Amino acid sequence: MFTGIVQGTAQIVSIIEKTNFRTQIVKMPQELLNALEIGASVANNGVCLTVTEINGDLVSFDLMAETLRITNLGELKTGDLVNIERAMQMGSEIGGHILSGHVYCTATVVDVIRSENNCQIWFELPNSDTMKYVLPKGFIAIDGISLTIGEVKENQFCVNLIPETLTRTLIGQRKVGSQVNIEIDPQTQAIVDTVERYLVNKGL
């Protein structure tokens, strides 16, 4: 489990391609290596991946074909950076919201509006089935970052970003056309699905 509070970024130093499979090796920041073990879960751009090898500060992750298809990790190349979050520990402060690291889909950046000490980014989701879980002032995770949803219209929504988020994560580098990973807030999803089933059962 994760909190959506990105702890740093890591550069991809090597990608080993196999049939329907990829091993991604990142150079992990020193402060995130403490007690890291093979088998541990680490979120890369919000995607829960398992550590398969540790060689100094080089950490390997295996990505299956489905992960490459659904997330933006399949678009990355050597030299690119990813947002990193170690799995949460029991008793630690939860500053964002509970995440599983299971990406729902990707969204496309459609507009970036910058002003002094603020950045507003608009995203478009692929369909209305996903959009029904996106509610104003609700939670959403974008590339593993826990954010509050701003405005919502049709298949688009925006978030407003403070300088700290822009400095700590990669979201400030996203441009129009960029693909970002989306994890829907599970509590919102559960409520929406429950209400939908209730209305269907009532014939409404």
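The following questions and answers introduce a predicted model.

Visitor: In what order do the 6 strands close into a barrel?

Guide: The pairing in this barrel is antiparallel, and neighbouring strands of the sheet are turned by 45° against each other on average, direction ignored. One of the pairs joins β1, residues 8-18, to β2, residues 21-27, through 7 bridges. Taken around the barrel, the order is β1-β2-β5-β4-β3-β6.

Visitor: Which residue is the bridge partner of Lys18 in β2?

Guide: Strand β1 covers residues 8-18 and runs antiparallel to strand β2, which covers residues 21-27. The partner of Lys18 in β2 is Phe21.

Visitor: Which residues does Ser178 touch, leaving aside those up to four places away in sequence?

Guide: Ser178 sits in the loop between α3 (163-168) and β12 (179-184). Although Ser178 and Ala107 are 71 residues apart in sequence, their C-alpha atoms are 8.2 Å apart in space. With heavy atoms within 4.5 Å counted as contact, the residues touched by Ser178 are Ala107, Thr108 and Val109.

Visitor: What is the volume of the largest cavity?

Guide: A search of the whole structure finds 1 cavity of 30 Å³ or more. Its lining consists of Phe2, Ala43, Gly46, Glu85, Leu99, Gly101, Gly144 and Glu183, which divide into 3 nonpolar, 3 polar and 2 charged residues. The volume of the largest cavity is about 30 Å³.

Visitor: How much of the chain over residues 98-195 is strand?

Guide: An unreviewed UniProt entry lists residues 1-97 and 98-195 under "repeat: Lumazine-binding". Over residues 98-195, the end C-alpha atoms are 22 Å apart and helix makes up 20%, while the share of strand is 44%.

Terms used. Residues numbered from 1 in each chain as written. Predicted model: local features only at pLDDT ≥ 70, side-chain atom pairs only at ≥ 80, totals over all residues. Heavy atoms only, no water. UniProt positions renumbered as here; feature names shortened; annotations may be inferred. Helix = DSSP H or I, 4+ residues; strand = E, 2+ residues; numbered from the N terminus. 1 Å grid on protein atoms, 1.4 Å probe; cavity = no way out; pocket = protein on both sides within 12 Å on 5 of 7 lines; lining within 4 Å. Points joined across faces, edges and corners; volume = space filled by probe spheres on them. Nonpolar A, V, L, I, M, F, W, Y, C, P; charged D, E, K, R; others polar. Pairing = 2+ DSSP bridges. Axes fitted to C-alpha atoms, helices over the stretch in contact; angles between N-to-C directions.
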